[in-house]
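Me: I would like a close look at one part of this model, with the surroundings added where they help. Please keep the sentences short and build the picture step by step.

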Amino acid sequence: MRYLEYLLTALIHIGDQQWTALSIFDDDTPMLIELLKQLGVDTSREFKINNTLCEIRDGKLREVGNTHVVPSTVYNTALKKYEEYLYMPLSER
């Protein structure tokens, strides 16, 4: 039951862009894939958890297109703030 609780918690947080898929340990990934299949998720193609597009690639859960260590919404927000800062005149920084 503890594993089930951990995996469901992880899926919720990944779907809400609070955690990355890296938060799931390699040893737990097979159980996660089996859980997703039992819930009716076709893991052979891309699927959504809340609004986060995910996939199983190389035997691991991944956010589609994410090449960063943080969730894509966190990365994109930080990048936008950084770019806005760069465009500010030096006298306003």
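How many aromatic pairs does a search of the whole structure find? After that, please take me closely through the sheet, strand by strand.

Reply: Bear in mind that this is a predicted model. The chain has an average pLDDT of 91, and 100% of the residues score at least 70. Of the chain's elements, helix α3 (residues 72–87) has the highest mean, 95. The lowest mean, 90, belongs to helix α1 (residues 2–15).

Your opening question first. The search of the whole structure turns up one aromatic pair. The partners are Tyr 6 and Phe 25, with ring centres 6.1 Å apart. Their planes meet at 25 degrees, so the pair is stacked; the cut-off for stacking is under 30 degrees. Tyr 6 belongs to helix α1, while Phe 25 sits in the loop between α1 and α2. These parts are 19 residues apart in sequence, so the pair ties them together. How open are the two partners? Tyr 6 has a relative accessible area of 21%, which makes it partly exposed. Phe 25 reaches 55% and counts as exposed.

That same loop, between α1 and α2, also holds Gln 17. Gln 17 is buried, at 12% relative accessible area. Its phi is positive, near 65 degrees, although Gln 17 is not a glycine. Why is that worth a remark? Most residues other than glycine have a negative phi.

Now the sheet. It is open and has three strands, in the order β1-β2-β3, with antiparallel pairing. Strands β1 and β3 stand at the edges. Each has a single partner strand, so one side of each is left without a neighbour in the sheet. From one strand to the next, the twist averages 45 degrees.

Start with β1 (47–49). Three bridges join β1 to β2, and the two run antiparallel. Across this pairing, Phe 47 faces Cys 54 in β2. The two strands form a hairpin, with two residues between them. One residue in that turn is Asn 50, whose phi is positive at about 55 degrees. Asn 50 is not a glycine either. At 49% relative accessibility, Asn 50 counts as partly exposed. The cut-off for exposed is over 50%.

Next comes β2 (residues 52–57), joined to β3 by four bridges. Here too the strands run antiparallel. Walk along the pairs. Cys 54 stands opposite Glu 63 in β3. Ile 56 is set opposite Leu 61. Arg 57 is matched with Lys 60. So which β2 residue has turned up on both sides of our walk? Cys 54 has Phe 47 opposite in the pairing with β1, and Glu 63 opposite in the pairing with β3.

β2 and β3 form a hairpin as well, again with two residues between them. Asp 58 lies in this turn and has a positive phi of about 55 degrees.

That brings us to β3 (60–63). Which residues make up the covered face of β3, and which the uncovered one? Leu 61 and Glu 63 form the covered face. Lys 60 and Arg 62 form the uncovered face.

A helix belongs in this picture too. Helix α2 lies across β1, β2 and β3. Its direction makes an angle of about 70 degrees with β3.

What links α2 to the sheet along the chain? The loop between α2 (29–38) and β1 does, and Thr 43 is found there. Is Thr 43 buried or exposed? Thr 43 is buried, because its relative accessibility is 12% and the limit for buried is under 20%. Beyond its neighbours within four places in sequence, Thr 43 is in contact with Ile 33, Leu 36, Lys 37 and Ile 56. You have met Ile 56 already, opposite Leu 61 in β3.

One last ring, away from the stacked pair. Arg 93 lies over the face of Tyr 85, at 4.7 Å from the ring centre.

Conventions: Residues are numbered from 1 along each chain as its sequence is written. This is a predicted model: local features need pLDDT of at least 70, side-chain atom pairs count only at pLDDT 80 or more; totals for chains, interfaces and linings use all residues. Side-chain values use heavy atoms; hydrogens and water are left out. Buried means under 20% relative accessible area, exposed over 50%, partly exposed in between (1.4 Å probe, protein chains only). Contact means heavy atoms within 4.5 Å. pLDDT is the predictor's confidence in each residue, from 0 to 100. Two strands pair if DSSP finds at least two bridges between them. Axes are lines fitted to C-alpha atoms, for helices over the stretch in contact, and angles run from 0 to 180 degrees between N-to-C directions. Rings of Phe, Tyr and Trp (its six-membered ring) pair if their centres lie within 6.5 Å; planes under 30 degrees apart count as stacked, over 60 as edge-to-face and the rest as tilted. A charge sits over a ring if NZ of Lys or CZ of Arg is within 6 Å of the ring centre and within 35 degrees of the ring normal.
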